[in-house]
Amino acid sequence: MKPNEILQDMQAKVSEMLKQSPAKDIERNVKSLLGQGFTKLDLVTREEFDVQAQVLARTREKLEALEKRVAELEGLRSEAQD
């Protein structure tokens with residue numbers, strides 16, 4: 001047997017042992033517990049975060065435009081008073 005074939009054979013045997021061992025059950029239980037824990041943390045998905053970041057950026061642009069407009073109107077008002 002070639003060294004590569006030996007490694008592949010060993011890998012296959014180890015994988016088969018793990019499938020039949022309680023390690024697979026432990027892995028499944030840990031994943032389940034982690035999933036329940038993350039659900040309780042009230043986390044948001046990356047997609048939801050990105051959407052809110054876009055909304056915030058648009059809101060910031062509108063605010064800056066409004067601040068500029070208010071400054072222009074105040075300038076016109078002060079000119080009219082002079």
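These legends go with a set of close-up views of a predicted model.

**View 1. Two domains in one chain.**
Start with how the chain is split up: domain 1 takes in residues 1–42, and domain 2 takes in residues 44–81. Measure from the C-alpha centre of one domain to that of the other and you get 52 Å.

**View 2. The stretch annotated as a coiled coil.**
In this view we follow residues 49–76, which carry the label "coiled-coil region" in an unreviewed UniProt entry. What does the model make of this span, helix or strand? The answer is 100% helix and 0% strand. From one end C-alpha atom of the span to the other is 41 Å.

**View 3. Lys 13 pairs up with Asp 9.**
Here's some background for this view and the next two: side chains of opposite charge can pair when their charged atoms come close. The model has 3 salt bridges, and this one joins Lys 13 to Asp 9. Their closest N and O atoms are 3.4 Å apart. That counts as a salt bridge because the cut-off is within 4 Å. Both residues sit in helix α1, which runs over residues 3–20. They are 4 residues apart, or about one turn of the helix. Which of the two counts as exposed, and which as partly exposed? Lys 13 is the exposed one, at 52% relative accessibility, because exposed means over 50%. Asp 9 has a relative accessible area of 30%, so this residue is partly exposed.

**View 4. Asp 50 meets Arg 46.**
Now we move to helix α3, residues 46–81, where both of these partners lie. The salt bridge between their side chains spans 3.3 Å from N to O. How many residues apart are Asp 50 and Arg 46? They are 4 residues apart, about one turn of the helix. Arg 46 counts as exposed, with 59% relative accessibility, while Asp 50 is partly exposed, with a relative accessible area of 31%.

**View 5. Glu 72 and Arg 69.**
Stay in helix α3 for this one, where Glu 72 and Arg 69 are 3 residues apart. That spacing means about one helical turn separates them. Their salt bridge has its closest N and O atoms 3.5 Å apart. Are these two residues buried, partly exposed or exposed? Glu 72 is partly exposed, at a relative accessible area of 39%. Arg 69 is partly exposed too, with a value of 45%.

Key
Residues numbered from 1 in each chain as written. Predicted model: local features only at pLDDT ≥ 70, side-chain atom pairs only at ≥ 80, totals over all residues. Heavy atoms only, no water. Domains from an automatic or database assignment. UniProt positions renumbered as here; feature names shortened; annotations may be inferred. Helix = DSSP H or I, 4+ residues; strand = E, 2+ residues; numbered from the N terminus. Buried < 20%, exposed > 50% of the residue type's maximum accessible area, 1.4 Å probe, protein only.
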